[in-house]
Amino acid sequence: MGNLEVRFWGVRGSVPTPHEPNMEHGGNTPCIEVRLGGGTPLIFDAGTGIRCLGRKLLDGVPPGGNHKAHLFLTHFHWDHIQGLPFFDPLYRADYFIHVWSSLEVDLLQSTLERQMSRPYFPIDLTEPPRRPDYTVAPAEGAEVEGIRVEPFPLHHPGGSTGYRLSAGGARIVYATDHEPGNEECDRRLLQMADGADLLIIDSQYLPEEYPSRRGWGHGTWLASTEMAKRAGVKQLVLFHHDPARDDEAVEDLLRMARGEFTNTMAAREGWSGQL
Ligand SMILES: [Zn+2]
Ligand SMILES: [Zn+2]
């Protein structure tokens, strides 16, 4: 095993829900940190969870030096980018942020610059010292800080990108904002998830809720347990909790999912693990 560390900073779907009945699983929108052996962080999504991650990255780090972080975006719905303007390392000249996505570079850059500009935000992304650089995550995969990162397409309005991360025999698959039912995307996801140690997957809905939410781009816990069984993953993580589902309801959903696939957990802000 390769000593891959993973930590959840935001696990909530669609909109932040920072109120008391949700706080056990957390109210921040998606953000996951992955590192190999304590190395440079790879961050997946910039939901509001990235704010606390940014504070941790700078904790006790005096200005100066040469730091970096990689940010991989799945797509550009607000819940996956709305934390970026509050990511403190962006405001430090000694911190380089490498942003990756499946979009071509010009489109990636203009999309992020549009959200972080007036009248939406008082500070422009283009003003120094902010100088992120932008890269297309190559379809064939890339080696980033010792971790092999392979993007693949998910089925979601406007598209979303899943990522498989491998290092030293350990494998994590992050597949949020995916609606099962597209044959090509499901086949590819199954292939990427095959034998994964950790499958983190969109499980926003109950099967009985799904008919009225068809086409919204999300999955059910039942579809997730079926994928976990077919792919033979070691641990399933239900992710992108519905904003209307409080902790008690998430636990109910988890109980049903465990009835289908024992090694299932519901993503929880602050959880970390090592593979
Ligand atoms: Zn989302
Ligand atoms: Zn989305």
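1. Let's start with helix 5 (residues 247-260), which lies across strand 12 and strand 13 and runs at about 170° to strand 13. Angles here run from 0 to 180 degrees between N-to-C directions, with axes fitted as lines to C-alpha atoms, for helices over the stretch in contact. Helices (H or I, at least four residues) and strands (E, at least two) are DSSP runs, numbered from the N terminus. Keep in mind that this is a predicted model: local features need pLDDT of at least 70, side-chain atom pairs count only at pLDDT 80 or more, and totals for chains, interfaces and linings use all residues. Residues are numbered from 1 along each chain as its sequence is written, while chains are lettered from A and ligands numbered from 1 in the order in which they are written.

2. Next, the sheet under that helix. It is open, with seven strands in the order 7-8-9-10-11-12-13 and mixed pairing; two strands pair if DSSP finds at least two bridges between them. Strand 7 (142-144) and strand 13 (264-266) are at the edges with a single partner strand each, so one side of each has no neighbour in the sheet. On average, neighbouring strands are turned by 25° against each other, direction ignored. Helix 4 (residues 221-231) also packs on this sheet, where it touches strand 11 (198-202), strand 12 (235-239) and strand 13, and its direction makes about 155° with that of strand 12.

3. Elsewhere in the sheet, strand 8 (residues 147-154) and strand 9 (residues 160-167) run antiparallel and are joined by seven bridges. Phe152 stands opposite Gly162 in strand 9.

4. How do the two helices sit against each other? Helix 4 and helix 5 pack at an angle of about 30°, their axes 9 Å apart. They are therefore roughly parallel to each other, a label for angles under 35 degrees (over 145 is roughly antiparallel, 65 to 115 roughly perpendicular, and the rest oblique). Trp221, Leu222, Ser224 and Thr225 in helix 4 meet Leu253, Met256, Ala257 and Glu260 in helix 5; contact means C-beta atoms, placed from the backbone, within 7 Å.

5. Now the interior. The largest nonpolar core has 68 residues, and Phe72, Ile172, Leu199 and Ile200 touch the most other members. Such a core is a set of buried Ala, Val, Leu, Ile, Met, Phe, Trp, Tyr and Cys residues joined through C-beta atoms within 7 Å. Buried means 20 or more other C-beta atoms within 10 Å of a residue's own, exposed means 12 or fewer, and partly exposed is in between, with C-beta atoms placed from the backbone. Beyond its neighbours within four places in sequence, Ile200 is in contact with Val173, Tyr174, Ala175, Val237, Phe239 and Ala267.

6. Leu112 sits in helix 2 (residues 105-115) and counts as buried because it has 24 C-beta neighbours inside 10 Å. Setting aside neighbours within four places in sequence, Leu112 is in contact with Ile81, Leu84, Val99 and Leu125.

7. Finally, some backbone spots to look at. Asp45, in the loop between strand 3 and helix 1, has a positive phi of about 75° although it is not a glycine. His240 likewise has a positive phi, about 65°, without being a glycine, and is found in the loop between strand 12 and helix 5. A cis peptide bond joins Arg118 and Pro119, with omega about 5°. The bond from Pro128 to Pro129 is cis too, with omega near 10°.

Technical notes. Contact = placed C-beta atoms within 7 Å.
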